[in-house]
Amino acid sequence: MTPDPYPLQRGAGLALWRQIAASLEATIRDGTHRPGARLPTEAELSARFAVNRHTIRRAMEELEGRGLVRIEQGRGSFVAEDVLDYPLGPRTRFSEIIRAQNREPAGRVLRMAEVPPEARIAELLGLRRGRTVLQVERLALADGRPLAIGLHHFPAQRFPQMAALLREDASISRALAACGVPDYRRKSTRITARMPTAEEAALLQQSRARPLLVSEALNIDSEGEPVDATITRYAAGRAQLVVEP
């Protein structure tokens, strides 16, 4: 068996999980495990270092917290890739942004329903009491990996065809164009951060210990009329929001 290039020093006064984290970090830094590569399983690492799984888990949590690895529920641990810059400007178009960084965009609608809007959404869209919105939740992917979950709200009375269009094609821009809005721009953006729910973590294939970046945006047409109020949750370990004037 090939000797471990980064062996543990037992009894050296340094916690084993810290040594394991340092050993795995070294294999990432020296290129043994390259960006995007799957790391050995907990069982494999436990056997390699002759420690229990709790010790391995603590080491992996340390690396994840420092942004060196990503832990995907049900899939394992991977070396973190470069964080994607996601500009938020007057014309934010997901597909254009992703392709500009030599990645392949994709998206799929998770659910749609016509519902009464929450107070904040009604305020953003300028809707009177009794009006409804078409609420569309959509998963956005880059190179097949989940990047963000968008929760869109369209004035239902203005866009009666929107649901049918999105069932045929998940592109928001093309659906709006088909509804008579060939172009639109972002009027406002509010950015916060929070921890994900269990469902959000599963959809984004990330740990619940990693935060989300959350943007609240209002898009308007060329006449200044609201067309879409969107709450987007980004996997913070994969996207860096860049606010453009």
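Buried means under 20% relative accessible area. I keep that cut-off at hand while I look through this model, which is predicted.

**Entry 1: aromatic rings**

I started with the rings and found 3 aromatic pairs in the structure. One of them joins tyrosine 86 and phenylalanine 94, a tilted pair with 6.3 Å centre to centre and 35 degrees between the planes. Are these two residues buried or exposed? Both tyrosine 86 and phenylalanine 94 are buried. For tyrosine 86 I can see why: its relative accessibility is 5%, and the limit is under 20%.

Next I followed tyrosine 86 to another partner. Tyrosine 86 also pairs with tyrosine 234, again tilted, at 5.2 Å centre to centre and with 55 degrees between the planes. Which strands hold the two tyrosines? Tyrosine 86 is in strand β3 (residues 84-88) and tyrosine 234 is in strand β9 (residues 226-235), so this pair ties together parts that are 148 residues apart in sequence. Tyrosine 234 has a relative accessible area of 3%, so I noted it as buried too. Put together, Tyr86, Phe94 and Tyr234 make a cluster linked by ring pairs.

**Entry 2: arginines over rings**

I then looked for charges above ring faces. Arginine 58 lies over the face of tryptophan 17, at 3.9 Å from the ring centre. Arginine 93 does so over tyrosine 184, at 3.7 Å from the ring centre.

**Entry 3: helix α3**

I picked helix α3 (residues 53-65) for a walk from end to end. Its 13 residues reach 18 Å from the first C-alpha to the last, close to the 18 Å expected. At its start, a side-chain oxygen of asparagine 52 comes to within 3.2 Å of the backbone nitrogen of histidine 54. Just after the helix, glycine 67 has a positive phi of about 80 degrees.

Which residues of α3 are buried? I listed Thr55, Ile56, Ala59, Met60, Leu63 and Glu64. A general point helped me read that list: an α-helix has 3.6 residues a turn, so residues three or four places apart point the same way. The buried residues of α3 pack against α1 (16-29), α2 (42-49), β1 (69-72) and β2 (76-79).

**Entry 4: the nonpolar core**

How many residues does the largest nonpolar core have? It has 17, and those with the most contacts inside it are Ile20, Phe49, Ile56, Met60, Leu63 and Val69. Helices α1, α2 and α3 each supply at least two residues of this core, and α1 gives the most, with 5 residues.

I zoomed in on methionine 60. Leaving aside its neighbours within four places in sequence, methionine 60 touches Leu24, Leu39, Leu45, Val69, Ile71 and Ser77.

**Entry 5: two strand residues**

Glutamate 137 caught my eye in strand β5 (residues 133-142). Why does glutamate 137 count as buried? Its relative accessibility is 7%, and buried means under 20%. Beyond its neighbours within four places in sequence, its contacts include Arg108, Arg111 and Arg233.

My last stop was proline 146, in strand β6 (residues 145-155). Proline 146 is buried as well, with a relative accessible area of 3%. Along the sequence, proline 146 and leucine 204 are 58 residues apart, yet in space they are 5.1 Å apart, C-alpha to C-alpha. Leucine 204 is also among the contacts of proline 146 outside its neighbours within four places, a list that includes Leu139, Leu203 and Arg238.

Notes. Residues are numbered from 1 along each chain as its sequence is written. This is a predicted model: local features need pLDDT of at least 70, side-chain atom pairs count only at pLDDT 80 or more; totals for chains, interfaces and linings use all residues. Side-chain values use heavy atoms; hydrogens and water are left out. Rings of Phe, Tyr and Trp (its six-membered ring) pair if their centres lie within 6.5 Å; planes under 30 degrees apart count as stacked, over 60 as edge-to-face and the rest as tilted. Buried means under 20% relative accessible area, exposed over 50%, partly exposed in between (1.4 Å probe, protein chains only). Helices (H or I, at least four residues) and strands (E, at least two) are DSSP runs, numbered from the N terminus. A charge sits over a ring if NZ of Lys or CZ of Arg is within 6 Å of the ring centre and within 35 degrees of the ring normal. The expected span of a helix is 1.5 Å times one less than its number of residues. Contact means heavy atoms within 4.5 Å. A polar contact is a pair of N or O atoms within 3.5 Å; within protein, one must be able to donate a hydrogen and the other to accept it, and residues adjacent in sequence count only if both atoms are side-chain atoms. A nonpolar core is a set of buried Ala, Val, Leu, Ile, Met, Phe, Trp, Tyr and Cys residues joined through side-chain atoms within 4.5 Å.
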